[in-house]
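Here is a short briefing to read alongside the structure. Have the viewer open and follow the residues as they come up.

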Amino acid sequence: MENQENIFQGRRKRRFDFHPSPKLIVFIIVAAIVLVALMTSFFVVDQTENAVVLRCGRYVRTVGPGLQMKLPFGIEENHNVQTQVVQTLTFGYRSTDATGTSLSGSQVREDESLMLTGDLNIVSVEWIVQYYISDPRAWLFSVNEKERTIRDISQSVMNQLVGDLPILSVMTDQRTRIEYDAQELMQEIFDRYEFGIQIVTVKLQNIVPPEGDVQDAFEDVNKAIQDMNRFINEGKEYYNQEIPAAQGEAEKLVLQAQGYAAERVNRATGDAARFTSVLDEYKKSKDITRTRLYIETMEEVLKSGNGSLTLVDKGLDNFLPFADIMGGAK
């Protein structure tokens, strides 16, 4: 029994009595160092990103998409920044919560939307700002609390522009001007701060007065403006229908009058020419021409009398029935 226990203890002692050689220890340490070096020497940059590389906390370079190298063991570190993605910030409302989850309905933010117009009216303005990162280095190191700063600058610019205009202009015909001026002013401020972003667009969404009697009154004004525009469009349509027709009728009457005038002038010219030719013949032989004209005139008169013509001779006391004489001649 004792021999068996001695044999078992000997085997157990040999099993746990392992002493690795120094070469093996060095090899394991070197392999671990090489593995860590390889793992910390490469990084991947997505197609929509650029990476800013820092060496001991100081900027070294900016690299583009692909598999990139850096010094291992944390000597150099990379910060990937999305530069090809257009980002959107909403003002006056939120469509997502703090975690990025979409909300069932827009959440109004009156602390951002309520503004004072140039004519001392209160209006609720909702808008969006779209931008992309144009300089990753400036984006990372120039400004702290980036989103908060963008929101503050955008609200300041929008309050300035809305405060310079009356409420009706803000709600109707000056929207495009506000959007353009807001984009220009915001970009100027961001460039001054070396923010590293480029504004793509500023787009106004809803512009309404606060809820209550004021909003109801402005809705009535908007309806009146819409009715006015509708009546103006209807008037223009009627104008476009009637005026061309009237112009065509006027041109037709003018052409008819010109034709009638030309006809009368030509007829008068012909009569004058005929009278002139008769006068010339009359001057050549007055007696013959006088007799011919008298006969032609009497012939015309007798033709138009239909056999019932009465001649009057002032030298007689009674009318002479010329028709009876003609009847006797028949």
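In helix H7, the buried residues are Ile 178, Glu 179, Ala 182, Met 186, Gln 187, Ile 189 and Phe 190. Viewed down the axis of H7, these buried residues fall within an arc of 165 degrees, so they line one face of the helix. Please keep in mind that this is a predicted model.

**Helix H7 and its surroundings**

- Thr 176, Tyr 180 and Arg 192 are exposed on the other side of H7.
- The cover over the buried residues of H7 includes E10, H5, H6 and E11.
- How far apart are the end C-alpha atoms of H7? They are 26 Å apart, which agrees with the 26 Å that its 18 residues should span at 1.5 Å a residue.

**Helix H5**

- Helix H5 covers residues 146-163, 18 residues in total.
- From its first C-alpha to its last, H5 reaches 26 Å, close to the 26 Å expected at 1.5 Å a residue.
- The buried residues of H5 include Ile 150, Ile 153, Val 157, Met 158, Leu 161 and Val 162.
- Also on the buried list of H5 are Thr 149, Arg 151, Ser 154 and Gln 155.

**Nonpolar cores**

- In soluble globular proteins, nonpolar side chains tend to be buried together.
- Here, the largest nonpolar core has 34 residues. Which of them have the most contacts inside it? They are Trp 127, Met 158, Met 186 and Ile 197.
- Two or more residues of this core come from each of strand E6 (87-91), strand E10 (122-133), H5, helix H6 (167-171), helix H7 (175-192) and strand E11 (197-208).
- Another core, of five residues, lies apart from the largest one, and Phe 43, Val 45, Ala 51 and Val 53 are among its members.
- Two names here will be familiar: Met 158 is one of the buried residues of H5, and Met 186 is one of those of H7.

**Gln 68 in strand E4**

- Gln 68 sits in strand E4, which runs over residues 66-69.
- What does the side chain of Gln 68 reach at 3.1 Å? The partner is the backbone oxygen of Gly 64.
- With neighbours within four places in sequence left aside, Gln 68 is in contact with Ser 41, Phe 42, Phe 43, Val 45 and Val 63.
- Among these contacts of Gln 68 are Phe 43 and Val 45, which also belong to the core of five residues.

**Two glutamates with positive phi**

- Glu 145 has a positive phi of about 50 degrees although it is not a glycine.
- Glu 145 is placed in the loop between helix H4 (136-141) and H5.
- Is Glu 145 buried or exposed? Its relative accessibility is 60%, and the cut-off for exposed is over 50%, so Glu 145 counts as exposed.
- Glu 194 is not a glycine either, yet its phi is positive at about 50 degrees.
- Glu 194 is found in the loop between H7 and E11.
- With a relative accessibility of 55%, Glu 194 counts as exposed.

**The chain as a whole**

- The protein chain contains ten helices and eleven strands.
- Of its 330 residues, 23% count as buried.
- The chain exposes about 23700 Å², and carbon and sulfur atoms supply 55% of that area.
- Taking contacts between residues at least 6 apart in sequence, 62% join residues at least 24 apart.

How values were computed. Residues numbered from 1 in each chain as written. Predicted model: local features only at pLDDT ≥ 70, side-chain atom pairs only at ≥ 80, totals over all residues. Heavy atoms only, no water. Helix = DSSP H or I, 4+ residues; strand = E, 2+ residues; numbered from the N terminus. Expected span 1.5 Å × (residues − 1). Buried < 20%, exposed > 50% of the residue type's maximum accessible area, 1.4 Å probe, protein only. Core = buried A, V, L, I, M, F, W, Y, C linked by side-chain atoms within 4.5 Å. Polar contact = N/O pair within 3.5 Å; in protein donor to acceptor, adjacent residues only side chain to side chain. Contact = heavy atoms within 4.5 Å. Areas by Shrake-Rupley, 256 points an atom, 1.4 Å probe, with all protein chains shown as cover. Arc of directions from axis to C-beta.
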